[in-house]
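Please open the structure in your viewer and keep the selection tool at hand. This tour moves from one selection to the next and says what is there.

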Amino acid sequence: MADKGLTCTMKASYKDFALDTSFSIKEGELACIIGPSGCGKSTTLQLIAGLITPEEGSIFLNGKDIINESVHERHIAMVFQDYALFPHMSVAQNIAYPMKLRHMPKIQRTAEVKRLLALVSLVGYQRRKPQELSGGERQRVALARALASQPQLLLLDEPLSALDAKLRKHLRTEIRRIHEETGITTLYVTHDQEEALSIADTIIVMQEGRVSQIGSGEEIYHKPNSLFVASFMGEGNTLPYSLIPRNLATQPGMTKETFKPLEGEHTIFFRPEHVTMQDDVQLPLPEFFPHLEFKNAQVVGCEFQGDHFRVSLLWEGHTIIAHTLDRPRSELVRLSVRIGKLREFLDGQLVRN
Ligand code: ADP
Ligand code: MG
């Protein structure tokens with residue numbers, strides 16, 4: 001077990017829900033828990049914070065099992081989606097509150113509030129009341145207040161989900177910056193994959209009360225170990241494995257017999273950005289690597305997404321999504337996907353890397 005950082009193993013249940021989870025994050029790391037609504041993300045944070053008690057388990061924080069410690073003894077701070085600021089207190093009073101509880105002398109408190117206001121970019125806001133702040137500013141105050149208690153672990157439960165898209169993007173960058181400046185071990189819950197991919201050192205994907213996969217953003221995105229993780233983290237195409245022998249553009253030294261479907265639900269998965277699209281079906285594809293070819297795919301939809309087009313295609317009854325730089329110019333196109341970009345699953349689980 002790692003001495004520093006967080007290592008937890010916990011079981012808990014509600015009437016219709018069972019949580020059985022186990023993971024570690026390193027000291028100083030920013031880890032994101034991600035998963036669909038109702039998979040147990042908030043429950044996991046509440047267990048770690050001590051707001052609910054697990055049926056069994058252990059929670060080691062920097063080498064010490066804190067499972068029997070109260071919420072206040074744990075040196076953990078939490079930020080929620082809905083700010084939870086004290087409405088009658090000013091920004092400065094809100095931030096100073098945890099320090100007051102710890103009987104920090106006033107002069108030190110004032111200096112600390114000043115430092116924290118600068119950290120969250122709210123210099124000059126100290127006298128305002130929460131209702132005089134925007135949603136984003138309130139969340140900055142909530143973050144400063146959480147940091148004021150000098151926690152060993154910071155828990156954030158969907159802190160940005162009440163904000164609009166642009167502000168969310170800006171604040172997540174700010175949270176990453178603040179994390180780097182403070183170095184506090186942070187566990188950040190979100191249901192937004194893009195948010196997790198952009199700020200996390202480590203991503204913990206949860207499904208139905210369990211951890212599905214832990215890894216860096218790139219590992220989770222490019223090397224998902226289950227169809228669930230593959231499909232949850234961004235968009236993808238899932239097709240029967242039996243299509244490979246038919247659609248393989250053979251290369252010297254490659255036999256189609258290598259690609260025998262296995263018993264069960266044997267599928268291939270690939271990302272839309274790995275699909276190459278050729279308008280003119282007569283032209284050979286400029287492809288030197290072993291690849292799958294889908295000839296005469298029919299364009300059934302095309303959405304402009306700003307930096308790419310999201311093209312929906314139909315090939316022999318299978319839907320394929322491609323992300324392309326150019327709008328398709330004909331209704332029938334030829335698609336190709338490199339063999340190296342395929343992920344292979346049997347009954348939802350990874351077959352080979
Ligand atoms: P998430 O944060 O991933 O959306 P939660 O951890 O809030 O999920 O909830 C996980 C499951 O536990 C859900 O099915 C939810 O309905 C259930 N649940 C959460 N809190 C309670 C509670 N206090 N009583 C009963 N069931 C609960
Ligand atoms: Mg939740």
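**A walk through the helices and the ligand site**

Begin with helices α2 and α3, whose crossing is right-handed. The model on your screen is a predicted one, so every value given along the way is computed from it. To find this pair, select residues 106–119 for helix α3 and bring up α2 beside them; the two axes come within 10 Å and cross at roughly 120°, which makes α2 oblique to α3. On the α2 side, show Val91, Ala92, Ile95, Ala96, Met99 and Lys100, and on the α3 side show Arg109, Glu112, Val113, Leu116 and Leu117, since together these residues make the contact. By residue type, the contact of α2 with α3 divides into eight nonpolar, no polar and three charged residues.

Next, keep α2, which spans residues 91–101, and add helix α4, residues 135–148; here the axes lie 7 Å apart and the packing angle is about 25°. Because of that angle, α2 counts as roughly parallel to α4, and α2 passes α4 in a right-handed crossing. Which residues of α2 meet α4? Select Val91, Asn94, Ile95, Pro98 and Met99 in α2, and you will find them against Val141, Ala144, Arg145 and Ala148 in α4. The residues of this contact divide into seven nonpolar, one polar and one charged.

Now hold α4 in view and select residues 165–182, which form helix α5; the axes of α4 and α5 come within 11 Å and cross at roughly 20°, so α4 is roughly parallel to α5. The crossing of these two helices is right-handed. From α4, display Gly136, Arg140, Leu143 and Leu147, which meet Leu167, His170, Leu171, Glu174, Ile175, Ile178 and Thr182 in α5. In this contact, six residues are nonpolar, three are polar and two are charged.

Finally, leave the helix pairs and select ligand 1, together with the residues around it: Tyr14, Phe17, Pro36, Ser37, Gly38, Cys39, Gly40, Lys41, Ser42 and Thr43. Which atoms of Gly40, Lys41 and Thr43 should be picked out here? For Gly40, look to the backbone, where an N or O atom lies 3.1 Å from an oxygen atom of ligand 1. For Lys41, a polar backbone atom is 2.9 Å from an oxygen atom of the ligand. For Thr43, turn instead to the side chain, which has an N or O atom 2.5 Å from an oxygen atom of ligand 1.

Methods. Residues numbered from 1 in each chain as written. Chains lettered and ligands numbered in written order. Predicted model: local features only at pLDDT ≥ 70, side-chain atom pairs only at ≥ 80, totals over all residues. Heavy atoms only, no water. Axes fitted to C-alpha atoms, helices over the stretch in contact; angles between N-to-C directions. Helix = DSSP H or I, 4+ residues; strand = E, 2+ residues; numbered from the N terminus. Parallel < 35°, antiparallel > 145°, perpendicular 65-115°, else oblique. Left-handed = near helix turned anticlockwise from the far one by under 90°. Contact = heavy atoms within 4.5 Å. Nonpolar A, V, L, I, M, F, W, Y, C, P; charged D, E, K, R; others polar. Near = heavy atom within 4 Å. Polar contact = N/O pair within 3.5 Å; in protein donor to acceptor, adjacent residues only side chain to side chain.
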